[in-house]
Amino acid sequence: MTSTSTPPGLARFNALEEHAAFTALHEACASTAWAKRLLAARPYVTPEALYAASDAAMAELTAQDLAEAMAGHPPIGRPKPGDPTSAREQRGMAGASDALKAEMLELNLAYQEKFGHVFLICATGRTGEQMRDAVRERIGNTPEREREIVRTELGKINRIRLARLVEED
């Protein structure tokens, strides 16, 4: 591996001390198991190799690992105060009407009561209405079906966050 073949942001990530790399990964996804799997596979030659490792690690997460990952995500419509990532990802709710925000709060609570965790969706690029429609649709799922949808949505979120991590110079 030469430094010219690996993008600068990825080379920087590969060169991070283990604790710093773990912290960066854990900020992308709150699952300790996921972060440890990605950390163990360093160095990555291409961003695509990192994304593939992320997908493989996501597929192996247990229900407990998924719960840990979901605990790192705020409810849709209520991004973590002072967290630019959360605010950026949920931008589609920022300009939503008070009625839509209130409906989303009700739906979030109903979803959380049924499934025991926050409604998780890759919100990047989605409107408030699209997120509302998704929670309305998914609330009828079985817990098993919903867990697999959440796994897929987390994988999408992780790819976006990893891209931001390794594309930064």
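## Exercises on a helical model

W34 touches L25, A28, C29, S54, A57, M58, L61, N158 and L162, leaving out residues up to four places away in sequence (contact means heavy atoms within 4.5 Å). This is a predicted model, where local features need pLDDT of at least 70, side-chain atom pairs count only at pLDDT 80 or more, and totals for chains, interfaces and linings use all residues. Residues are numbered from 1 along each chain as its sequence is written, and side-chain values use heavy atoms, with hydrogens and water left out.

**Exercise 1.** Find out which residues have the most contacts inside the largest nonpolar core.

*Solution.* Start with the terms. A nonpolar core is a set of buried Ala, Val, Leu, Ile, Met, Phe, Trp, Tyr and Cys residues joined through side-chain atoms within 4.5 Å. Buried means under 20% relative accessible area, exposed over 50%, and partly exposed in between (1.4 Å probe, protein chains only). Next, look at the core: it has 45 residues, and F13 and W34 have the most contacts inside it. Several helices give two or more residues to this core, including α1 (8–15), α3 (32–40) and α10 (143–167). The largest share, 7 residues, comes from α10. Helices here are DSSP runs (H or I, at least four residues), numbered from the N terminus.

**Exercise 2.** Work out how the buried and exposed residues of α4 are arranged around the helix.

*Solution.* First, check the length: α4 has 14 residues and reaches 20 Å from its first C-alpha to its last, close to the 20 Å expected at 1.5 Å a residue (the expected span is 1.5 Å times one less than the number of residues). Second, list the buried residues of α4: P47, L50, Y51, A53, S54, A57 and M58. They lie on the same side of α4 because they cover an arc of only 160° around the axis, taken from the directions from the helix axis to the C-beta atoms. Third, turn to the other side of α4, where E48 and A59 are exposed. Finally, see what the buried residues of α4 pack against: α1, α3, α5 and α10.

**Exercise 3.** Decide whether E89 is buried or exposed, and find the partner of its side chain.

*Solution.* Locate E89 in helix α6 (residues 84–89). Its relative accessibility is 11%, so E89 counts as buried. The E89 side chain makes a polar contact with the side chain of R161 (2.6 Å). A polar contact is a pair of N or O atoms within 3.5 Å; within protein, one must be able to donate a hydrogen and the other to accept it, and residues adjacent in sequence count only if both atoms are side-chain atoms.
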